[in-house]
Structures are given as structure tokens and as C-alpha cells.
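Here is a short, friendly tour of the model shown below. Keep the viewer open as you read, and turn the structure as each part comes up.

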There are 2 protein chains.
Amino acid sequence: MVSTKGRYALRVMLDLAEHNSGAFIPLSEISRRQGISMKYLEIILKTLVRENLLEGRRGKGGGYRLTRPAGEYSVGEILDLTEGTMASVACLSDAAKECPREKECKTISMWKKYDAMVHDFFRNISIADLLEDKI
Amino acid sequence: MVSTKGRYALRVMLDLAEHNSGAFIPLSEISRRQGISMKYLEIILKTLVRENLLEGRRGKGGGYRLTRPAGEYSVGEILDLTEGTMASVACLSDAAKECPREKECKTISMWKKYDAMVHDFFRNISIADLLEDKI
DNA sequence: TAAATTCCTATTGACAAAATAGGTTTTTGT
DNA sequence: ACAAAAACCTATTTTGTCAATAGGAATTTA
């Protein structure tokens with residue numbers, strides 16, 4: 001299940017895309033519009049800034065803005081960053097140690113297919129698509 | 001992420017399908033073969049029995065067995081039962097109260113599509129498919 | 001009647017998600 | 001210069017769920 005972090009991150013990106021004038025938008029505005037506490041949003045935006053999906057500017061007149069056109073952000077990359085891992089099962093996550101049953105496992109190929117399908121799905125949707133109700 | 005409950009349930013169903021002679025198979029055997037504690041398996045099998053995916057017989061000579069041919073179990077129904085909900089996001093789960101933002105929400109239709117895709121995927125795979133490495 | 005087995009209720013332990021708290025630093029407008 | 005506005009930073013708390021264990025009760029068969 002996609003957690004609030006991922007869902008909120010998407011909402012923030014959409015909010016910024018919708019109000020994208022080139023100016024910086026303060027977090028207080030996003031928080032007010034989206035009904036999510038500033039403190040919690042800070043945590044999420046920190047990641048997005050660190051990964052260069054957003055630019056943050058301090059001080060009066062500061063805020064956040066997109067670093068690319070909305071069409072160049074995929075939902076997949078946003079979820080991957082904010083959710084940590086989007087692996088469908090533990091055995092496919094990065095942290096997984098090798099499974100001793102892998103040889104006999106009748107399910108692993110299904111999980112792999114599933115994983116690929118999910119990644120594909122989100123990789124092929126952009127923020128602009130969502131904004132324009134194309135999905 | 002699919003939890004151990006769902007994954008273990010699948011493994012149990014596969015185990016039973018693989019050793020399906022019509023006789024009842026005691027949990028101790030399944031536990032030994034799969035390397036999962038009997039106590040934990042009990043919890044999972046209870047659900048499967050209650051929902052008539054398995055038949056359980058007590059007493060000496062008892063155990064568990066399938067109630068249908070392996071080809072008539074979909075992975076989807078097994079996961080749905082054991083995972084509680086397979087909804088991708090909270091707003092689509094059964095327990096969700098109506099979202100006040102649904103009207104303006106730019107993401108809900110994506111989540112719905114995603115949900116449908118996931119359900120479709122698992123609904124179209126049977127235990128027999130897995131057993132015969134058809135996936 | 002004893003052994004083997006499922007069935008039942010409760011509890012524990014660990015961990016992660018969700019959110020809050022309290023500050024520090026930077027920038028700008030006046 | 002300085003006060004206000006804003007992002008940035010570190011830590012803590014709260015809450016909930018997953019994963020697993022524990023101990024016994026009921027049932028069936030040989």
C-alpha cells in the first residue's frame with residue numbers, strides 16, 4: 001500500500017505544477033491548500049529537494065519550485081524516492097538477503113512480473129498527465 | 001508490499017496442491033516442508049478454512065486438503081483473503097471514509113486504474129499455473 | 001483411552017509510519 | 001542594520017500493524 005509520504009509528495013508536485021509561474025511558492029501556501037501540516041511536508045520536501053526534483057530557496061520571498069517541466073516528472077520516480085522501496089515483496093527489495101528457497105520457489109517469477117508491471121505503470125505517467133486528467 | 005501472511009498462504013496452497021492425493025495432510029508436514037512455524041501457519045490456515053478454500057479435519061489422521069482442483073484457485077482470492085485489503089491506497093480501502101477532496105483530486109483515477117490492473121493480474125493466475133511454472 | 005490433530009483466545013515483541021517539536025540559518029525588504 | 005519570512009536540521013513522540021509465540025480446549029481415530 002502506498003503510504004502518505006508518497007501520496008503527499010504527489011500532491012505537492014501537482015500543487016506546484018498547477019501554480020507554476022517560475023516564482024518560489026512558500027510551504028505555508030502548499031500546506032494551506034493541501035490541508036497537510038507544514039512540519040510533515042518539510043520532511044517530504046527535503047527528499048525532493050535533495051534529489052533535485054525541486055529547488056528550495058530560503059529567506060523572505062523564498063519557497064519551492066519545480067526544476068523541470070511537469071511533463072518530465074514521472075509518478076514512478078517520485079514514488080520511488082519518497083517510499084524508499086516500491087518492491088512488491090520482501091525477497092525483491094534491495095535489502096533482501098539471498099533466499100535459500102529461490103531455486104524451488106514457485107512464486108518468484110510471478111512477483112518479478114508483478115514488480116515490472118507496477119514500475120512500468122507508474123513510469124509511464126507524468127505529473128502533467130495527472131494535471132490534465134489524461135489518466 | 002505483500003506481507004508474509006499472503007506469501008505464506010500461497011506457499012501453503014502450493015504445497016497442498018503439490019501433495020494432493022485426496023488425503024488430509026497434517027500441518028506439521030507443511031510446516032516442516034515450508035520452514036514456517038506451525039503456530040503462525042495456524043493463523044493463516046484458519047482464514048482459508050473459514051472461507052472454504054481448504055477443508056480441515058481434526059483428530060488423528062486429520063489435517064488439511066484442498067476443496068477444489070488447483071486450477072480453480074486464483075492467486076487473487078488467496079491474497080485478498082489473507083492480506084485483508086489489497087487496496088493500493090487508503091482512500092480506496094473498504095474502511096475509507098469519504099474523502100473531502102475527491103472532487104478536486106487529480107490522482108484518484110490513477111489509483112483506481114492501478115487497483116484494477118493489480119486485481120486483474122492476480123485474478124488471472126491460478127495455483128495450477130504456478131505449480132506448472134506457467135507464469 | 002491415549003495419541004494426534006485442528007481449533008481458539010490472548011499476548012508479546014519489534015519495527016515502521018505518521019506526525020510533532022523546537023530550534024538554526026539564510027535571505028530580503030524597509 | 002534589523003526584523004520578518006522562509007527553508008533547513010535533528011530529535012522525539014505517538015500510534016498502529018506485522019510477525020510470531022504461548023497455552024490450552026475440542027475433536028477424532030486407532
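## How the two chains meet

Chain B brings 20 residues to its contact with chain A, and chain A likewise brings 20 residues. Please bear in mind throughout that this is a predicted model. On chain B, the side that touches chain A draws at least two residues from each of α1, α5 and α6 (127-131). Helix α5(B) provides the largest share of that side, six residues. By class, the side of chain B that touches chain A holds 14 nonpolar, three polar and three charged residues.

How do the interface residues of the two copies compare? Of those in chain B, 100% are also interface residues in chain A, so the copies meet through the same surface.

The superposition is worth a look as well. A turn of 180° with a shift of 0.0 Å along the axis lays chain B on chain A with an RMSD of 0.2 Å. The two copies are thus related as by a two-fold rotation axis. Within chain B, B:M1 has the C-alpha nearest the axis, at 3.1 Å from it.

## A closer look at helix α5

Helix α5 of chain B runs over residues 108-123. Its 16 residues should span 22 Å at 1.5 Å a residue, and the C-alpha atoms at its ends are indeed 22 Å apart, which agrees. Which residues of α5(B) are buried? They are B:M110, B:W111, B:Y114 and B:V118. Seen down the axis of α5(B), the buried residues fall within an arc of 95°, so they line one face of the helix. That face has partners in the other chain: the buried residues of α5(B) pack against α5 (108-123) and α6 (127-131) of chain A. On the other side of α5(B), B:A116 and B:D120 are exposed.

In chain A, helix α5 contains A:D120. Is A:D120 buried or exposed? With 11 other C-beta atoms within 10 Å, A:D120 is exposed, because a residue counts as exposed when that number is 12 or fewer. From A:D120 to A:T4 there are 116 residues in sequence, and their C-alpha atoms lie 21 Å apart in space.

## The surfaces near the DNA

Each DNA strand can be taken in turn, and the table sets out the residue classes of the two surfaces.

| Surface | Nonpolar | Polar | Charged |
|---|---|---|---|
| near DNA strand C | seven residues | 11 residues | eight residues |
| near DNA strand D | seven residues | 10 residues | nine residues |

Around DNA strand C there are 26 residues, of which A:S3, A:S37, A:G59, B:L27 and B:G56 come nearest. The surface near DNA strand C takes at least two residues from each of α1 (4-18) and α3 of chain A, and from each of α2 (27-34), α3 and β2 (63-66) of chain B. Helix α3(B) gives the most to this surface, with four residues.

Around DNA strand D there are also 26 residues, and the nearest are A:L27, A:G56, B:S3, B:S37 and B:G59. Here chain A supplies at least two residues from each of α2 (27-34), α3 (38-50), β1 (54-57) and β2 (63-66), while chain B does so from each of α1 (4-18) and α3 (38-50). Which element gives the most to the surface near DNA strand D? That is α3(A), with four residues.

Key: Residues are numbered from 1 along each chain as its sequence is written. Chains are lettered from A and ligands numbered from 1 in the order in which they are written. This is a predicted model: local features need pLDDT of at least 70, side-chain atom pairs count only at pLDDT 80 or more; totals for chains, interfaces and linings use all residues. A residue is near a molecule or strand if its C-beta atom, placed from the backbone, lies within 6 Å of it. Ala, Val, Leu, Ile, Met, Phe, Trp, Tyr, Cys and Pro count as nonpolar, Asp, Glu, Lys and Arg as charged, and the others, Gly among them, as polar. The expected span of a helix is 1.5 Å times one less than its number of residues. A residue is buried if 20 or more other C-beta atoms lie within 10 Å of its own, exposed if 12 or fewer, and partly exposed in between; C-beta atoms are placed from the backbone. The arc is that of the directions from the helix axis to the C-beta atoms. Two residues are in contact if their C-beta atoms, placed from the backbone, lie within 7 Å. Copies are superposed by least squares on the C-alpha atoms of residues with pLDDT of at least 70 in both.
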